[in-house]
Amino acid sequence: MALSIKQVAARVESLRYNNAERDARNLDVLAVRKGKIAEVYPDFFPDGVDTNVVANFIDIVARDLSEVMAPLPAVNCSAANAVNDRARNFADKRTRIASNYFSHSDLSVHMYSGADWYITYGFIPFIIELDEEAKLPRIRIENPIGAYPEFDRYGRCVAFAKRYTLTLGELVSQFPELESQLLGNRGYEQDMTAQVELVRYYDNEQSVIYIPTKKNLVLSQVANPLGKMMIVVARKPSIDGDLRGQFDDILGIQLLRNRFALLAMEAAEKAVQAPIVLPSDVQELQLGGDAVIRTNNPAGVRRVELSLPQGAFTEQAQLNQELRVGSRYPEGRTGNIDASIVTGQGVQALMGAFDTQVKSAQAIFASALRDVISVCFELDEKAYPEEKTIRGVDAGSPYEITYKPAKDIKGDYSADVRYGMLAGLNPAQGLIFMLQALGGGLISKDMAMRELPFTVNVTQELEKIEIENMRAGLLQALTASAQAIPQMVAQGQDASEIVRNIAAVIKARQKGQSLEDAIEATFTPQQQVPPAGEASMVEQPSPAPAAAPAGGAPSPEGAAPIQAPQQAPDIQTILSSLTASGKAGGRVVTRG
């Protein structure tokens with residue numbers, strides 16, 4: 001049974017009260033990332049300084065990490081029977097439908113913001129909504145600021161609330177049917193730019209938008225079409241269940257770096273503006289680049305030296321190191337690698353922490369996106385059962401398919417969403433690992449292609465590889481025939497037919513004909529049909545003469561061919577024909 005608006009408001013207030021400390025941390029981190037660290041710690045900065053005076057290290061780390069984590073995983077809907085062509089085609093079609101949910105929602109772009117929010121605030125909500133215009137589910141990533149997810153004991157999201165802020169004028173324009181309730185008795189005489197807070201609440205029964213300050217005025221209330229949560233939350237692992245970002249505990253270190261930078265600037269300014277010491281015989285002091293000071297003791301003219309303790313610089317270097325350790329950001333990402341350890345092992349040691357956190361984040365994203373696709377499949381089948389056409393690009397080739405959810409989804413909401421076994425590895429390491437596993441016979445090519453960190457239609461890709469291999473075999477056979485021409489000519493054989501066939505294939509390729517069609521058309525045997533009324537004659541092959549006849553005159557037509565004189569056999573041939581009793585088993589015929 002759906003909760004009343006009073007029960008919803010009470011539940012949201014409870015969630016907001018329990019997460020008040022997290023809200024404060026999130027706002028502090030947001031201010032620091034925007035460069036307004038002086039607003040978080042106003043007592044540590046002099047008047048006139050309200051921004052970072054050093055590189056915003058936290059913002060740099062968040063952006064770099066999010067750009068590495070953001071690429072989408074590969075989606076594969078595996079067939080129950082991989083040998084059955086019908087089952088494979090069914091799985092391939094569902095794979096394209098699932099990939100279309102991502103492309104329709106432009107998730108590949110929005111995941112950069114989502115990965116950034118995940119690192120900064122510790123979680124990201126994926127909200128699946130109805131797109132009535134396209135008749136498709138749409139995936140939207142929500143900003144965690146002001147968001148309150150509620151989980152059951154199994155870690156599943158069972159309720160979700162999100163605070164928004166709009167001006168009064170924007171609310172009236174978006175909900176004109178509630179103009180009288182929103183404006184009240186004062187009407188348009190009040191400040192239309194005043195900020196008004198509204199709350200959107202989700203559970204497995206309904207979605208409600210209301211304004212707490214207007215006595216829980218309901219702006220919109222819609223029943224849940226699935227009867228289950230249409231929000232999936234990906235959250236960082238936590239020791240106490242609290243949602244914490246990666247930078248919650250290092251804001252103080254960033255503050256001290258700013259403070260040390262300010263002190264260093266102040267020290268440099270004072271050193272430049274330090275008082276000038278003059279000998280007692282100087283009566284006038286001139287300032288400037290061409291100033292002249294008359295004195296009998298020129299070495300005594302100097303500024304007062306302000307010495308800086310060396311421990312200050314050591315402490316600043318220590319703060320930089322603590323900031324890297326706290327943010328789990330290796331020094332190798334900024335190019336600061338000691339030349340003595342520029343080896344594979346040294347670089348891998350520097351990048352170890354970076355790789356592990358990328359791999360763990362992508363594993364969490366894959367689990368969340370698998371649930372997101374499952375909800376999209378179910379919503380597509382139940383909310384939009386009509387036939388629809390989708391377009392996309394699969395393995396570099398554009399496609400267009402028409403599907404009907406009741407037939408092509410058919411209650412199967414499962415999908416395999418994986419970043420592959422290369423998650424967390426850099427491209428060079430991942431490729432070497434994949435090739436070694438293939439060479440050692442540990443995995444099949446099918447599995448290796450499914451584990452790639454990008455979407456590949458495995459069935460079609462394997463077909464393309466087989467076609468390429470067979471084309472390479474045809475081309476190799478044609479090349480071998482061309483390479484055999486010199487040997488045939490040396491043995492006195494006629495190679496003109498092979499030359500003509502190869503030339504014909506080249507001409508066909510120049511006209512744009514495919515290799516296999518050109519070879520088939522060229523090397524297909526041509527059947528000669530004898531003219532009508534003429535009896536077909538089969539010519540018996542005759543042995544070629546061993547030597548040309550003397551005189552070189554050819555035999556007349558119809559006459560017996562002139563045979564060349566045969567050479568007498570040698571003594572070895574005669575001895576080999578003797579029988580066991582010593583009698584000859586052959587005879588020697590000599591013709592003059």
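This is a guided tour of one protein chain, to be followed with the structure open in a viewer.

**The whole chain**

Begin with the entire chain in view, and bear in mind that the model is predicted. The chain has 592 residues, and buried residues make up 34% of them. Colour by secondary structure: the chain comes to 19 helices and 14 strands. The surface that the chain exposes amounts to about 36,200 Å², of which carbon and sulfur atoms supply 54%. Consider also how the chain folds back on itself: of the contacts between residues at least 6 apart in sequence, 65% join residues at least 24 apart.

**The largest nonpolar core**

Select Y101, F126, F365 and F377. These residues belong to the largest nonpolar core, which has 66 residues, and they touch the most other members. Next, select helix α11, residues 344-383; this helix gives the core its largest share, 13 residues. Apart from this core lies another one, of 13 residues, with L171, F175, L182 and V196 among them.

Now return to F126 and display its surroundings. Which residues does F126 contact, once its neighbours within four places in sequence are left aside? They include M111, I139, R140, I141 and M230. Others of its contacts are I231, V232, A234, A368, L369 and V372.

**Strand β2 and its two partners**

Select residues 123-131, which form strand β2. Is this strand largely enclosed or largely open? Seven of its nine residues are buried, so the rest of the structure largely encloses β2.

Add residues 231-235, strand β9, to the selection. Strands β2 and β9 pair in the antiparallel sense, over five bridges. One place to look is F126, whose bridge partner in β9 is V232. V232 is also one of the residues in contact with F126.

Then add residues 136-141, strand β3. Here β2 pairs in the antiparallel sense over six bridges. I127 has R140 as its bridge partner in β3. Strands β2 and β3 form a hairpin with four residues between them, and K135 in the turn has a positive phi of about 60°.

Stay with K135 and show its side chain together with that of E132. The two side chains meet in a salt bridge, at 3.7 Å from N to O. Both residues are partly exposed: E132 has a relative accessible area of 46%, and K135 has one of 34%.

**Further salt bridges**

Side chains of opposite charge can pair when their charged atoms come close. How many salt bridges does the structure hold? It holds 23.

Select D248 and R25, whose side chains meet in a salt bridge of 3.1 Å, N to O. D248 lies in the loop between β9 and α9 (251-272), while R25 is in helix α2 (residues 20-33), so the pair ties together parts that are 223 residues apart in sequence. Are these two residues buried or exposed? D248 counts as buried at 12% relative accessibility, and R25 likewise counts as buried at 12%.

For another pair, go back to helix α11 and select E378 and K382. Their side chains meet in a salt bridge of 2.8 Å, N to O. E378 and K382 are four residues apart in the helix, and therefore about one helical turn separates them. E378 counts as buried, at 9% relative accessibility. Now add E21 and D242 to R25 and D248: salt bridges that share partners join these residues into one network.

**A buried serine**

Select S327, which is in helix α10 (residues 310-327). S327 is buried, with a relative accessible area of 1%. Which residues surround S327, leaving aside its neighbours within four places in sequence? Its contacts are F57, V61, Q246, F247 and I250.

**A nonpolar patch on the surface**

Finish at the surface by selecting I276, L285 and L287. These residues make a nonpolar surface patch of about 290 Å². L287 is found in the loop between β10 (276-277) and β11 (302-303). At 70% relative accessibility, L287 counts as exposed, because the cut-off for that term is over 50%.

Key. Residues are numbered from 1 along each chain as its sequence is written. This is a predicted model: local features need pLDDT of at least 70, side-chain atom pairs count only at pLDDT 80 or more; totals for chains, interfaces and linings use all residues. Side-chain values use heavy atoms; hydrogens and water are left out. A nonpolar core is a set of buried Ala, Val, Leu, Ile, Met, Phe, Trp, Tyr and Cys residues joined through side-chain atoms within 4.5 Å. Buried means under 20% relative accessible area, exposed over 50%, partly exposed in between (1.4 Å probe, protein chains only). Helices (H or I, at least four residues) and strands (E, at least two) are DSSP runs, numbered from the N terminus. Contact means heavy atoms within 4.5 Å. Patches are made of residues with over 30% relative accessible area and no salt bridge: like charges are joined within 9 Å, nonpolar side chains (Val, Leu, Ile, Met, Phe, Trp, Tyr) within 5 Å. Accessible areas come from the Shrake-Rupley method with a 1.4 Å probe; for residues, only the protein chains shown count as cover. A salt bridge is a side-chain nitrogen of Lys or Arg within 4 Å of a carboxyl oxygen of Asp or Glu. Two strands pair if DSSP finds at least two bridges between them.
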